[in-house]
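Reader: Can you walk me through the nonpolar side of this one? Keep it brisk.
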Amino acid sequence: MSRLLIVAVLAAMLALTLTGCVTMADGTRVNIFVLLIVRPFAWILRKIYDLIGSYGWSIIIFSLLAKIIVLPLSIKGKKGMMDTQRIQPKLQELEKRYKNDKNKYQQEMTKLYQAEGISPMAGCLPTLLTFPIMIGLYWPISQPLTYLMNLTAAQINEIKAALSYAADAYVSEMTLAQQVFENFDLVKHISPNIIRMDFTFLGMNLGQVPDWKTINLLFLIPIVSGVTSFALTKLTNWLQFKSTGTMPQGQNSTMMYMMPLVSVWFGFTLPAGLGVYWIAQNITSALQEWFLYVYFEKQKLKAPDPTKLPKEDKKTNGQKSRSQRKKH
């Protein structure tokens, strides 16, 4: 419980820090999260789009680059989780032995972590730090007018009015951006930042919301999103079992099926571009999990066998044996 409490406190501190604001030189106040995470990622996504001219492929490349950026944190977090899983049998033995003495259990657990050279937070902190980054990726993709074209809320409302949307009507920015592409002459006067960003991808309009009653290419995006989410969970569990011999704690059939179902539900309620983003995230996450598995398996092969003496010791022992024989 103490470990969970520490993680919760750190998460709260991180959230408070990122949701704060700073005052810029011109006197405007900017959200720290937007300034440090969202805007840099939006700049990268815009550069990718300017280079290849396809929003769908930009999302896919963007997701891959994001995984590369957070890879060092992912490696550290994975190592911490694997180390923790490795000593689970010993922790369970301590828990049984000192089930009536919590203080003694905490002391022995601390000693075990120290003896094994493991930090209890090693698997949590790196993973915790990746959450703001993953959330930060969502904003530029879902709000292209705000973050890719740098339009103000007032300018976005002008675009809605020019395209005959009601002032109080909710329209996602991805849908609105596709309407801008199709009716560019009606809105180009509003701001020089407005560009014709094409949301068509493999014959689909990523600005549209898939309809579960209409079976077409768009219909497949939420389905593929759910399938890849389920496959990612299964792959992660299988690789961890192969590596440590234990399944991840807290994994159960309910969660395994719940997340894919949630992905499918969101896929049918939000523009298809976000579904493509989730599919790309699932696939790149699967590639990352496989890479980490191969990486740590190679590390195991390089590690010295504790049952064998080092070469120096063998040499020393050989010299001692020869000297002892000479004496005899």
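Author: Start with Leu-65, which sits in helix H3. Helices are DSSP runs of H or I, at least four residues, numbered from the N terminus.

Reader: Any ground rules before we go on?

Author: This is a predicted model: local features need pLDDT of at least 70, side-chain atom pairs count only at pLDDT 80 or more, and totals for chains, interfaces and linings use all residues. Residues are numbered from 1 along each chain as its sequence is written, and side-chain values use heavy atoms, leaving out hydrogens and water.

Reader: Is Leu-65 buried or exposed, or in between?

Author: Leu-65 is partly exposed, at 34% relative accessible area. Buried is under 20%, exposed is over 50%, and partly exposed lies in between (1.4 Å probe, protein chains only).

Reader: Which residues make the nonpolar surface patch?

Author: Leu-51, Ile-52, Trp-57, Ile-61, Leu-64, Leu-65, Ile-68 and Leu-202, over about 790 Å². Patch residues have over 30% relative accessible area and no salt bridge (Lys or Arg side-chain nitrogen within 4 Å of an Asp or Glu carboxyl oxygen). Nonpolar side chains are joined within 5 Å. Areas are Shrake-Rupley, with a 1.4 Å probe.

Reader: Which element gives the largest share of that patch?

Author: H3, with five residues.

Reader: Switching to the inside. How many residues are in the largest nonpolar core?

Author: It has 46, and Ile-159 is among those with the most contacts inside it. A core joins buried nonpolar residues through side-chain atoms within 4.5 Å.

Reader: Which element gives the most to this core?

Author: H2, with nine residues.

Reader: And what does Ile-159 touch?

Author: Beyond neighbours within four places in sequence, Ile-159 contacts Leu-151, Leu-176, Val-180, Val-187, Ile-190 and Ile-194. Contact means heavy atoms within 4.5 Å.

Notes:
Patches are made of residues with over 30% relative accessible area and no salt bridge: like charges are joined within 9 Å, nonpolar side chains (Val, Leu, Ile, Met, Phe, Trp, Tyr) within 5 Å. Helices (H or I, at least four residues) and strands (E, at least two) are DSSP runs, numbered from the N terminus.
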